[in-house]
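Biologist: I should like to go through this model and ask, for each descriptive term, what justifies it. Please set each value against its cut-off.

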Amino acid sequence: MLSAVGFFLILLFLGMPVAFAIAVSGFSFFLMRPEIPWTILVQKSLSTTQSFTMLAIPLFIFAGNLMNNTGITSRLVKLANVLTGHMYGSIGQVSVVLSTLMGGVSGSAVADAAMECRILGPEMTKRGYAPGWAAAINCLSGLIVATIPPSMGLILYGTVGEVSIGRLFVAGFLPGIIMCIFMMLATSWSARHYGYQPDHDKPSPPGVIIKSCFESIWALMFPILLIVLIRFGVMTPSESGAFAVFYALFVGIFIYKELNLEKFKKCIVDSVKDLSVITMILAFSGIFSYGVVFDQLPKTLTTLLVGLTSNKYVLLLLILIMLTVFGMFMETTVITLIVTPILIPIITQYGIDPVHFGIIMMTIVTMGCSTPPVGVALYTCSNIMDCSVQETTKYSLPLFIAILATLAICVFFPDLVLFLPNMIYGTGM
């Protein structure tokens with residue numbers, strides 16, 4: 001299997017699309033193992049995409065596109081501006097707060113970053129912010145979506161690792177809020193450093209804030225409703241995706257009355273484009289994952305890591321370094337599908353809660369979307385803002401420090417991550 005992994009990395013460096021690189025390297029594994037029936041290749045390709053829990057992914061993607069076209073997003077932008085207009089780098093702060101509020105709407109860091117660049121980017125450059133600075137803020141702030149439910153990454157991790165998605169959703173709230181605070185501090189420092197002034201001299205009056213909250217109440221209620229309905233058994237995480245679509249349609253048609261037939265068609269087309277790529281990666285990763293299990297790679301890696309250290313914090317550091325490197329070259333979905341079944345047995349052997357580890361892993365893996373040389377969000381935001389990747393990366397450094405600070409808190413204070421899920425669901429791995 002190691003030769004197949006090496007072949008996969010070579011194909012990535014040669015510029016082959018990720019889905020096809022996975023497929024070809026997985027196929028090469030079967031060529032090197034003639035004793036394995038070829039029917040398994042087909043079975044694994046199909047079975048991976050037919051998981052009941054995986055239904056949540058296309059449904060949430062569709063719901064996210066619906067919400068972006070129903071007036072929910074525009075109202076969240078207004079609320080974020082009201083809350084942060086008096087801060088240094090005010091419209092950059094809007095991006096950070098909007099990402100926190102958007103966690104329950106889009107669920108995708110790349111989608112969130114691209115959307116914010118399109119919405120906020122032109123206004124940022126109009127006010128004199130450097131295009132690279134605007135791209136960096138919009139790109140890195142999208143990482144908050146990795147923890148605020150309903151995160152697509154957490155759904156994938158929970159499905160593949162057989163970890164409670166409800167507990168993962170709840171566990172993501174506090175780390176998401178901590179990351180928001182640290183990113184706001186980093187944005188403020190960066191704005192002062194480059195001379196970007198606030199929009200308003202004073203904070204918005206309480207009346208204006210309350211009014212904006214009421215206008216955005218339907219979006220703010222969404223993640224809370226998800227957690228409550230899943231916790232009390234009204235619906236499963238998969239069914240919550242269907243609820244999200246219904247919720248978006250209801251708000252768009254009957255509350256805000258902004259969803260028309262043309263926008264609805266656009267939502268369907270955009271969702272199909274997004275899902276076609278994800279489904280191909282899911283299907284082909286099933287072949288790859290089978291090879292990982294067949295060659296007992298998790299057991300081999302476990303033995304290697306146990307031999308290196310018996311300290312769980314050193315283990316986490318080694319894993320985080322490994323995942324950071326993976327994130328520089330591979331997409332978040334691919335890493336989650338391939339690495340999760342390998343790492344879960346290792347971290348449980350060290351007494352690390354899979355929910356705690358899931359929040360840390362999805363944060364560091366999603367950060368790969370924003371790092372060179374293959375960061376999808378990095379290239380997307382740089383392209384939208386018409387600046388070089390090097391310029392965006394230069395302005396990103398304070399935000400990377402904020403992310404690492406958040407990760408350090410999550411690693412060394414696991415009870416902080418597990419406080420809410422243990423309170424709501426009770427203790428237990």
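**Terms and their grounds**

Modeller: The model is a predicted one. In it, the axes of helix 21 (residues 389-412) and helix 22 (residues 414-425) come within 4 Å and cross at roughly 75°.

Biologist: Why is helix 21 called roughly perpendicular to helix 22?

Modeller: Angles of 65 to 115 degrees count as roughly perpendicular. The crossing angle is roughly 75°, and therefore helix 21 is roughly perpendicular to helix 22. Ile409, Cys410, Val411 and Phe412 of helix 21 make the contact with Pro414, Leu416 and Val417 of helix 22.

Biologist: How many residues of this contact of helix 21 with helix 22 are nonpolar, polar and charged?

Modeller: The contact comprises 7 nonpolar residues, with no polar and no charged ones.

Biologist: What makes helix 11 roughly antiparallel to helix 21?

Modeller: The two helices pack at an angle of about 150°, their axes being 9 Å apart. Since an angle over 145 degrees counts as roughly antiparallel, helix 11 is given that description relative to helix 21. The crossing of helix 11 past helix 21 is right-handed.

Biologist: Which residues of helix 11 and helix 21 meet?

Modeller: From helix 11, they include Phe182, Ala186, Trp189 and Ser190; from helix 21, Pro398, Ala402 and Ile409 are among them. By class, the residues of this contact of helix 11 with helix 21 are 16 nonpolar, 3 polar and no charged.

Biologist: Serine 190 belongs to helix 11 (residues 173-194). Why is serine 190 called buried?

Modeller: Buried means under 20% relative accessible area. Serine 190 has 3% relative accessibility, so it counts as buried. Apart from neighbours within four places in sequence, serine 190 is in contact with Trp133 and Pro398. Across the protein, 55% of the 429 residues count as buried.

Biologist: What, then, makes glycine 195 partly exposed?

Modeller: Glycine 195 is in the loop between helix 11 and helix 12 (206-215). Partly exposed residues fall between the 20% and 50% limits; at 44% relative accessibility, glycine 195 is therefore partly exposed. Its C-alpha is 9.3 Å from that of tyrosine 129, although the two residues are 66 apart in sequence.

Biologist: How do you know that glutamate 162 and lysine 257 are exposed?

Modeller: Exposed means over 50% relative accessible area. Glutamate 162 stands at 74% and so counts as exposed; lysine 257 has 65% and is therefore also exposed. Glutamate 162 is located in the loop between helix 9 (152-161) and helix 10 (165-171), and lysine 257 in the loop between helix 14 (237-255) and helix 15 (261-294). Glutamate 162 has a positive phi of about 55° although it is not a glycine, and lysine 257, likewise not a glycine, has a positive phi of about 55°.

Biologist: Why is the pair of tyrosine 313 and phenylalanine 412 called stacked?

Modeller: The structure holds 9 aromatic pairs. In this pair the ring centres are 5.3 Å apart, and the planes stand at 25°. Rings pair if their centres lie within 6.5 Å, and planes under 30 degrees apart count as stacked; therefore tyrosine 313 and phenylalanine 412 form a stacked pair. The pair links distant parts of the chain, with tyrosine 313 in helix 17 (residues 312-329) and phenylalanine 412 in helix 21, 99 residues apart.

Methods: Residues are numbered from 1 along each chain as its sequence is written. This is a predicted model: local features need pLDDT of at least 70, side-chain atom pairs count only at pLDDT 80 or more; totals for chains, interfaces and linings use all residues. Side-chain values use heavy atoms; hydrogens and water are left out. Axes are lines fitted to C-alpha atoms, for helices over the stretch in contact, and angles run from 0 to 180 degrees between N-to-C directions. Angles under 35 degrees count as roughly parallel, over 145 as roughly antiparallel, 65 to 115 as roughly perpendicular and the rest as oblique. Contact means heavy atoms within 4.5 Å. Ala, Val, Leu, Ile, Met, Phe, Trp, Tyr, Cys and Pro count as nonpolar, Asp, Glu, Lys and Arg as charged, and the others, Gly among them, as polar. Buried means under 20% relative accessible area, exposed over 50%, partly exposed in between (1.4 Å probe, protein chains only). A crossing is left-handed if the near helix is turned anticlockwise from the far one by less than a right angle, and right-handed if clockwise. Rings of Phe, Tyr and Trp (its six-membered ring) pair if their centres lie within 6.5 Å; planes under 30 degrees apart count as stacked, over 60 as edge-to-face and the rest as tilted.
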